[in-house]
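Visitor: Could you take me through this structure? I would like to begin with the place where the chains meet.

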Amino acid sequence: MSGLELRGLQHRYPGADAPSVVGVDLVVPEGQMLAVVGPSGSGKSTLLRLAAGLETPAAGQVLLGGRDVTALPPERRGLSVVSQRPHLFDHLDVVGNVAFGPRVSGTPRREARARASRYLRLVHLDGLERRRPGQLSGGQQQRVALARALATGREVLLLDEPFGSLDPELRAAMHELLVELRAAMAPTVLMVIHDLDEAALAEQVGVLVDGRLHQVAPPAELYRRPATLTVARLLGGFNELAGRVVAGPDGPEHRSTWGCWSLPPDAAGQAGHGATLLVRREDLRLAAPGAPPRGPSREGRVVGCRRTGARVVALVETPDDARVEVELPLREEVAAGDPVRVVPEPTATVWAVPAAQTGPPDPSHHTRHTRHAPDLPGSGPGPWDHAWRD
Amino acid sequence: MSTAVSTAVSTAVSTAVSTAVRRGAAGLALGWLLVPLLPVALWAVASRWSGRAALPQQLGTAGWVSALEAGLGPALLRSTALGLAVAAVATPWGAWVGRLLGWRLARHPRLLVVALVLPVLLPPLAVAMGLDVVVLRIGVPGEVAVLAVLAVLALPYTAFTVAAGYARLGPGPEEQARMLGAGPRAARRLVTWPALRRSLALAALLAFLVGWSDYVVTLLLGGGRLVTLPLLLGASASGAGNEPTTAALAVVAASPALVLLVVVGAVLRSARRSAPRTGPGGAA
């Protein structure tokens with residue numbers, strides 16, 4: 001039993017105006033991986049330090065395999081941590097670093113070093129046992145740090161942006177290694193990350209903003225049904241359409257200047273309330289202007305285009321001055337000034353969140369798209385204003 | 001092509017100039033150190049060097065013989081013992097205070113800094129005279145009083161040296177050791193102190209020098225019973241006509257500082273050599 005549970009964790013740094021962690025509840029089932037994502041300063045690392053015992057919570061509990069370990073010091077919690085800086089011990093060689101955990105737990109030297117060598121093979125670093133940390137590359141150092149954490153034999157691994165300082169190629173290699181290690185050892189992993197792309201490595205993703213956990217869901221669910229506008233904006237790529245949820249003949253519907261959108265049945269609870277419809281930019285397409293088709297749509301004019309890899313994202317301005325992002329199919333391009341009609345893809349899935357969560361709606365902007373969180377690399381390119389070409 | 005050549009030439013010239021400037025500065029610093037020592041070194045091996053002669057007229061070991069007769073051996077032992085004792089007291093305390101300062105663990109760091117620096121700012125003669133009265137009245141042995149005062153005087157050097165080491169290291173490695181199963185003491189012993197070995201060695205050397213080179217505190221609080229090398233040197237220098245003896249004593253007195261200089265230079269060179277060859281993001 002090595003599942004990790006955080007219950008009602010609260011924390012505030014001395015002298016800080018706002019708490020760093022506010023009532024966080026989180027469960028990582030045994031052998032699973034949960035990634036906590038959030039912008040810089042959202043409390044991700046503090047959350048990990050609370051779980052590790054490196055910070056003391058003002059309230060709440062940390063449970064490991066159902067056992068309350070909140071009062072235990074870090075060394076007695078049975079957790080291992082790998083952080084962005086590998087913190088290898090310079091006075092020890094590579095094998096000495098990996099054998100450190102077994103040695104302090106009383107394993108004889110020879111046995112500890114033999115175990116260290118096995119873990120070094122596991123991270124594909126056999127042959128480098130006698131090197132000093134300063135003689136390794138960044139990627140190798142991070143592999144040693146992983147091997148060192150695993151060699152303790154602890155079943156819960158806390159990863160604090162472990163690949164954040166590596167270049168993309170190396171990061172991809174480390175992702176593969178993590179998948180391999182999980183398949184081989186099935187540790188319980190709580191990982192905090194800055195890059196949304198890494199969230200796909202986990203079974204569950206938690207979104208932490210301003211110390212509050214807004215949502216915990218599988219990665220696909222997160223993109224399909226963000227719990228709040230804050231989550232949607234953090235993920236990026238959503239268009240926000242202001243309107244109202246009503247009970248339609250075939251289930252709940254969202255009504256706005258776009259027309260009527262069918263919502264999933266579990267949105268019925270929002271009927272009668274103002275709600276913001278969230279539709280992803282890849283779920284919209286551009287059609288020729290003219291007579292409106294059946295279903296929701298909106299006429300507008302292309303005001304800019306931006307290339308994201310092989311595809312082009314068009315920015316369309318509607319007559320009420322609202323703007324929508326549409327990701328065009330491969331090899332399709334439009335020019336600024338083109339009149340278009342924005343329609344949903346037949347397979348589009350939409351979701352509505354209560355309008356109250358956004359504050360009072362701006363009457364002049366019934367539609368907007370969620371801007372990418374500027375400091376989340378995986379959420380896509382930065383603010384579009386600088387990148388659009390007309 | 002010509003642009004590339006001119007850039008290469010300009011880079012080479014700028015490198016040559018900066019190397020020349022660096023070497024010139026090093027030469028000046030060495031000269032500053034060696035010029036006062038040169039006459040002392042010559043006097044130490046001279047038995048006659050009169051008036052306006054540029055060099056000694058006669059070489060010999062008279063100065064050394066006389067210095068040994070004056071008690072160089074026992075004084076050397078006492079100075080060494082005093083220096084080691086001061087280092088033994090001031091280094092652990094300095095390491096503790098340095099941890100508080102380097103990792104900002106002190107609640108009132110400014111107060112701590114003022115408390116550390118205050119004994120150094122006060123004139124040692126005044127402090128020693130004042131303490132002499134106190135020590136006599138409360139019956140503390142002179143040797144213990146000398147050691148205590150010198151340890152306090154050495155503390156700022158050890159504390160700030162170690163604090164710089166702690167600040168550079170950060171708490172990360174120690175926390176990592178804790179997460180790997182080491183208790184607080186084991187984490188410090190097995191990870192933090194080895195990582196700070198250079199700072200600790202430098203702090204210990206500085207503390208040793210404070211004890212080794214002290215004159216005023218040893219004279220006043222030691223009550224004349226604790227005859228160390230500086231006291232012997234002072235007594236010899238205050239007399240006339242015994243320059244070779246004084247020079248021999250001065251050479252011995254200066255030697256630890258020179259050793260320190262060599263050691264610090266070696267440590268700095270080794271630190272540069274052992275810097276990681278590749279930073280994060282390098283090829284795996």
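Visitor: How many residues does the contact take from chain A and from chain B?

Guide: The contact takes 30 residues from chain A and 25 residues from chain B; two residues are in contact if their C-beta atoms, placed from the backbone, lie within 7 Å. This is a predicted model, in which local features need pLDDT of at least 70 and side-chain atom pairs count only at pLDDT 80 or more, while totals for chains, interfaces and linings use all residues. Residues are numbered from 1 along each chain as its sequence is written, and chains are lettered from A and ligands numbered from 1 in the order in which they are written.

Visitor: Which element gives the largest share of chain A's side?

Guide: That is α5(A), with five residues. Helices (H or I, at least four residues) and strands (E, at least two) are DSSP runs, numbered from the N terminus.

Visitor: Now α4 of chain A: which of its residues are buried?

Guide: They are A:A112, A:R115, A:A116, A:Y119 and A:L120. Buried means 20 or more other C-beta atoms within 10 Å of the residue's own, exposed 12 or fewer, and partly exposed in between, with C-beta atoms placed from the backbone.

Visitor: Why do they line one face?

Guide: Seen down the axis of α4(A), the buried residues fall within an arc of 145°, so they line one face of the helix; the arc is that of the directions from the helix axis to the C-beta atoms. On the other side, A:R110, A:E111 and A:R121 are exposed.

Visitor: What do the buried ones pack against?

Guide: They pack against α2 (94-98), α3 and α5 of chain A.

Visitor: And what follows α4(A)?

Guide: A:H124 follows, with a positive phi near 60°.
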